[in-house]
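The following exercises concern a predicted model. Please work through each task with the structure open before reading its solution.

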Amino acid sequence: MATTSTAAPVVVCDLCGMTAHAPITEPVPGGEARVFCCRGCRQVYQILVESGQLAPGADPREAPLYQQCLQMGLIARPDTPAEPVLSETINTNPHNELEATREAAFQVGGMWCASCAWLIENALKHEKGVMDCQVYFAADVVRVTYKPARIDQSDIAARIRRLGYTAENYSDKGAEGATAATKARRGDFVRAVVAFVFAMNAGMFSLALYLNYWQSLGAQASEILPRWALALSLPVMWAGWPIFQRAAQAARRGAATMETLITLGSWTAFLFSLWSMAHHSVHVYFDTADMLIALVLIGKHIESGAKGQAAGAVALLYGLLPRKATVLTPDGRETLVALGKLGLGDHVLVRPGERIPADGRVVAGTAQVDESLLTGESRPVTKSVGDEVIGATVATDAPLTLEVTRIGDGGTLAQMIALVEKALATKSPAERWADRISRVFIPAIITLAFGTGLALALTHHSAEQVLIRVVSILVIACPCALGLATPLAITTGVGAAAARGILIVNTEVLEVLPRVRHVILDKTGTLTEGVFSVRGFETVEQGRPDDLEAVAALERSSEHPLGRSLLAYAEGQGCPGRSEVVGFERHEAAGVTGVVDGVRWFVGNRALAASENALLSPDLLSRAQAEEAIGGTVLFYGAAHEVRGFFILGDAPRVGARESITRLRAMGLSVELLSGDAAATVQAVANSVGVTQATAEMRPDGKVAHLRAAQQASGGTVVAMVGDGVNDAPALAQANVGIAFGSGTEIAQRASDVTLISGDLTRLADLFHISRRTAAIIRQNLFWACLYNAVCIPIAITGHAPPVVAAAAMLVSSLSVVFNTKRLRRGLEERSVSSNQ
């Protein structure tokens, strides 16, 4: 029994006239039931009625109060802020709200080392209602999966603040100028300046005290100078208070961090100096504690700036979407609404120079759209009626009216942000190794420092000598450089890739890609555009024009790009394909079959024709081979065990295909083309782009087997696979690195480690360049960080590095990592500029 469905009527707000996607029907003063799109409109309507400004039958939009509320933004706004663009609610059991989970990300200020990240992660994981927590130190991001029924976002942020850090929702980064990280950097700068100024002044008084070793000071000077040094040290200790606070929080949880070493070193020197003053000794070391804190604060301020720059390209994504959109109401009026109020099907007006507020389809107008910030393409793209547009891109020269097709987490920008955030929250093997070393290293250094002090005390060294040696070891061994070496470089690499339209889903690929020696590319939709058009239609003598009707009927049930191209061609020839198809069947990587008007038909490649026992005449075969030799894709069709003809389809190579292949081969990579198409067609395409190795007529399972064989060759070759279709997903998953195009299918993107948003194939070569440069910087950073500790710790143990020298050495080690990573950023920026010229 057939059923019919009618579209739900469009419900509009009785106040603002906008479409009410979630209508609120409530009685208002006067007894009538009204429909509102949000509680803001309901509240304004109630005020209009109660104030007497709305006469019976009058249009509420003509009231002065309504106009004032419209100007103030009180109308057409959601009553609560929109969900953060990267937050996603995942209800594992829709019948049990207690089990619903949600993801949220926080921008955290004040993380100074990898141990800080470990402390926050460990603390949050022990909170009731928190399911998972990942902290990315280099981007100052904390990502939490939690159950809203058990814990609130504000509770999570408060827990982070109780640990001594600042925290705010990461999605506010683009909306507010002063983020948590920015505020923290400002606070660090003020404290660093205070510490440095007062430490220098305290050092002047300490210098006079040091002269007492060579020239005796008077009794009055010996009493006054230590007091002045103490007075000047107090502001420095205030400046270092965040360090002490974090060390105390770590101690409460039984952990040791970089702040633990700094706190122990500075307070040991400070308390010993107080003890010396109490015993009327001039051997005080306030300047040691002061300079230690000052140098640490200066170094950390420089590091935080570098971290902000490294994550800048990622943070830029949050500021791309506008906060308002101009919606066209059903009666033709323009209404400015908050972005969170947009619904599917809304018509939005985008004026020249404005950013497109959401993904949509153009319904009126033609304009050049700048997509450079999302895809890396510098050339604007022409968009006209029927074309898809991406939110956050810019209409440059003319207005566009578009219908919203995706909102919230379903939008392209939101998905890009989610992918990048997932990448940043995933630690690479090198980073996990450095984190493990840091967690063991700090307790070991504390044990070594106090063990050395005990040994000196037992061998009758003076208290001053013991103090200096212990403080030097604690300070010089801070693993700041080791903890910063990998994440800072990875953040820089991920950000540089995102700025070029390359989304790295798994940061491990930045370490795997430099080891890739063989790159396999799919043909259709990867090496070529994937947009087919019928270039010719060949038939045997007994072929009839109405064959097109049967072919169109078969392809109407197919979703394959080739099938859509054949259907479009047949419709253009006046054959809409409305005949009934019985027993329709798809044959993987071969074609389709079905019964039309009592006759079994097939459309597909030569293998499908052979499986149907269809006779292929020598003349038709030679004509088909001639078309394949020049790069055409041939699809045979027929019925009653006979091939009646074939279609010739063409597909152009992607922009930058030859250039990309040339660059990959210059990097020492072997490149292979893999396709399910005919051998002659595949070889012709390979020749046109400079690929010397091509394999044709490969089924999906054959691609996986071919990949596995390539990986096992020569003792284990690391292989990258580039594809975009459903049949590429198994091969992408099998490859050491899977790379998909953003224009490809969702299943291909899910199976890949990297997604190329841009249609320019040169981005593939850019990806390999970025990964190699990033891996090189990581190796350099780790080498210098390990060499520093291997050389400096023995020097401190033997007493050849005073505390101030130790603090300076620690600062230099951290800055070496920072400035070395800046070389990576500058090099990638210069490469980007030169490639766009």
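**Exercise 1.** Determine which residue in E28 Met721 stands opposite, and place the two strands E27 and E28 in their sheet.

*Solution.* Begin with the pair itself: Met721 stands opposite Gly738 in E28. Next, consider the strands, since E27 (residues 719-723) and E28 (residues 737-741) run parallel and are joined by four bridges. Then widen the view to the open sheet of seven strands, whose pairing is mixed and whose order is E17-E29-E28-E27-E18-E25-E26. The edges are held by E17 (502-504) and E26 (693-695), each of which has a single partner strand, so one side of each is left without a neighbour in the sheet. From one strand to the next the twist averages 20 degrees. Finally, helix H27 (residues 762-797) packs on this sheet, touching E17, E18, E27, E28 and E29, and its direction makes about 45 degrees with that of E17.

**Exercise 2.** Describe how helices H8 and H14 pack, and classify the residues in their contact.

*Solution.* Start with the geometry: H8 (residues 258-278) and H14 (residues 463-476) pack at an angle of about 160 degrees, with their axes 8 Å apart. An angle over 145 degrees counts as roughly antiparallel, and H8 and H14 are therefore roughly antiparallel to each other. Their crossing is left-handed. Now list the contact, to which H8 contributes Leu261, Leu264, Gly265, Thr268, Ala269 and Phe272, while H14 contributes Ala463, Glu464, Leu467, Val471 and Leu474. Sorted by class, this contact of H8 with H14 has eight nonpolar, two polar and one charged residues.

Terms used
Residues numbered from 1 in each chain as written. Predicted model: local features only at pLDDT ≥ 70, side-chain atom pairs only at ≥ 80, totals over all residues. Heavy atoms only, no water. Axes fitted to C-alpha atoms, helices over the stretch in contact; angles between N-to-C directions. Parallel < 35°, antiparallel > 145°, perpendicular 65-115°, else oblique. Left-handed = near helix turned anticlockwise from the far one by under 90°. Contact = heavy atoms within 4.5 Å. Nonpolar A, V, L, I, M, F, W, Y, C, P; charged D, E, K, R; others polar. Pairing = 2+ DSSP bridges.
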